Amino acid sequence: MKLIVVCLALLGGVAFCQGNGVGRVVTATGASVSSGLEADGWYSFSVCEGNTVTFECSSGVLAVESDTCVYGSAVGDSGYAACPHPANGECGNSASCNALVENACEGNPSCSVAISNGNIGLDPCGGIYKYATMRLQCVREVREFPLTRALAVTAVGAADYDSSGLDSDGWYNFRVCEGVSATFGCSTGVLVVNPDQQCVYGSEIEDPGYLACEHSAKGDCDTTASCDNLLEETCQGESECTVSFTNGALGSDPCPGIYKYATVSLKCSSSCRVANAFAAAAVAERVSRGGANFFTPNAPALSTVSTSSSYIEISAKDLLIIGLLVVNLAVFALLAYNCVSGKAAKFQPVKAYSSEL
């Protein structure tokens, strides 16, 4: 019975503790606006363009609320009033600064972040003085695996006007003008092509790509061409790739005479290359089930399968689960060995001797 209890406890996995921020204070040096502790346990801050802010936890580590860091300017906002400048004004667009703040702060007891166009990667409204708003709290433990957070996609040569980087689903969306070579890269992990959003080559009036790709031959495309194969063959599973969307590279021209662009959706995934027959069989099983995650059935399907002959890509979470199972099997084998080996002699029945003479 004890052996069963031990094994069940081991198979229970690992629990990560998380605090709600109460009693763990976030201090900010260099922030223009600080809300203090809010009802939901988060602290809100505004930091003026060009300033460097330092966050620090009284205890625990910093956590950045997902998809809340915004870089821009809105008249009437508290950040607008706190950041006076001759170039103050209303920003028609905004940019996400989550990747910048998460890379610097997530899981650390303290961090410093400089707010600027260069660090964020673009200027959402040129000529207007901006500020960044963000929400943080202190927790007992990092809320998610650090390897799977804040994996920013860098893009040189792409025009990114629709989402300005990370969207709510964790994907980076870009527009790449016809004939322009765009280089995508991951500082950590490998590139993954969004399986739920098609790479489309064409042109649509009022689309962000139409506005971003200036050309005398701009117009509305009645049809489009898929650029999925080109994007996947060039970028899938790579730490960096360079791709140019042209009629020749795609093998067709969906609307001759009209200047086009490609819509691209990517993210960086931290994964480990495992050359293992069991892992390969597991992935094959997942594919046969329509892409369901073999190790964690309720998790999203893994889309980063390497085309290398002897390697497949497995996420950090799956790798951790495999490791726990291996450890559990090893402990189980050791306990079983102790039970059946010489150490089991103590469980042999005691012989009874008569005291009668």
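**Entry 1: the sheet with strand 4**

I began at Thr-54 and looked up its partner in strand 8, which turned out to be Ser-112, joined to it by a bridge. The model I am reading is a predicted one, and I keep that in mind throughout these notes. I then followed strand 4 and strand 8 along their shared edge and found that 5 bridges join them, with the two strands running antiparallel.

Next I asked myself in which order the strands of this open sheet lie. The order is 1-4-8, a sheet of 3 strands with antiparallel pairing. Strand 1 (26-29) and strand 8 (110-114) are the edge strands, since I find each of them pairing on one side only. For the twist I noted that neighbouring strands of this sheet are turned by 20° against each other on average, with direction ignored. I also looked at what lies across this sheet, and found helix 3 (residues 98-105) lying across strand 4 and strand 8, at about 145° to strand 8.

**Entry 2: aromatic pairs**

I turned to the rings, and the structure holds 4 aromatic pairs. In one of them, the centres of Phe-45 and Phe-55 are 5.1 Å apart and the planes stand at 55°, so I record this pair as tilted. The pair links distant parts of the chain, with Phe-45 in strand 3 (residues 43-48) and Phe-55 in strand 4 (residues 52-57), 10 residues apart. I checked the accessibility of Phe-45 and Phe-55, and both are buried.

The rings of Phe-174 and Phe-184 have centres 5.4 Å apart and planes at 50°, so this pair is tilted too. Here the link runs from Phe-174 in strand 12 (residues 172-177) to Phe-184 in strand 13 (residues 181-186), 10 residues apart. Phe-174 and Phe-184 are likewise buried.

Going back to Phe-45 and Phe-55, I noted that ring pairs link them with Tyr-43 into a cluster.

**Entry 3: charges over rings**

I looked for lysines placed over aromatic rings and wrote down two cases. Lys-218 lies over the face of Tyr-210, at 4.2 Å from the ring centre, while the charged end of Lys-267 sits over the ring of Trp-171, 4.7 Å from its centre.

**Entry 4: the cores**

Which residues touch the most other members of the largest nonpolar core? Of its 26 residues, I found these to be Phe-184, Leu-191, Leu-231, Phe-245 and Val-264. The elements that give two or more residues to this core are strand 12, strand 13, strand 14 (190-193), helix 6 (228-235), strand 17 (240-244) and strand 18 (261-269). The largest share, 4 residues, comes from strand 18.

I then took Val-264 by itself and listed its contacts, leaving aside residues up to four places away in sequence: they are Tyr-172, Asn-173, Phe-174, Val-176, Phe-184, Cys-199, Leu-231 and Phe-245. There is also a second, separate core of 24 residues, which includes Val-53, Tyr-71, Leu-136 and Cys-138. As background, I note that in soluble globular proteins nonpolar side chains tend to be buried together.

**Entry 5: helix 6**

I finished with helix 6, where I find Asp-228, Leu-230, Leu-231 and Cys-235 buried. The buried residues of this helix pack against strand 13, strand 14, strand 16 (225-226), strand 17, helix 7 (247-250) and strand 18. My last look was at the stretch after helix 6, which is followed by Gly-237, whose phi is positive, near 80°.

Definitions and conventions
Residues are numbered from 1 along each chain as its sequence is written. This is a predicted model: local features need pLDDT of at least 70, side-chain atom pairs count only at pLDDT 80 or more; totals for chains, interfaces and linings use all residues. Side-chain values use heavy atoms; hydrogens and water are left out. Rings of Phe, Tyr and Trp (its six-membered ring) pair if their centres lie within 6.5 Å; planes under 30 degrees apart count as stacked, over 60 as edge-to-face and the rest as tilted. Buried means under 20% relative accessible area, exposed over 50%, partly exposed in between (1.4 Å probe, protein chains only). A charge sits over a ring if NZ of Lys or CZ of Arg is within 6 Å of the ring centre and within 35 degrees of the ring normal. A nonpolar core is a set of buried Ala, Val, Leu, Ile, Met, Phe, Trp, Tyr and Cys residues joined through side-chain atoms within 4.5 Å. Contact means heavy atoms within 4.5 Å. Two strands pair if DSSP finds at least two bridges between them. Axes are lines fitted to C-alpha atoms, for helices over the stretch in contact, and angles run from 0 to 180 degrees between N-to-C directions.
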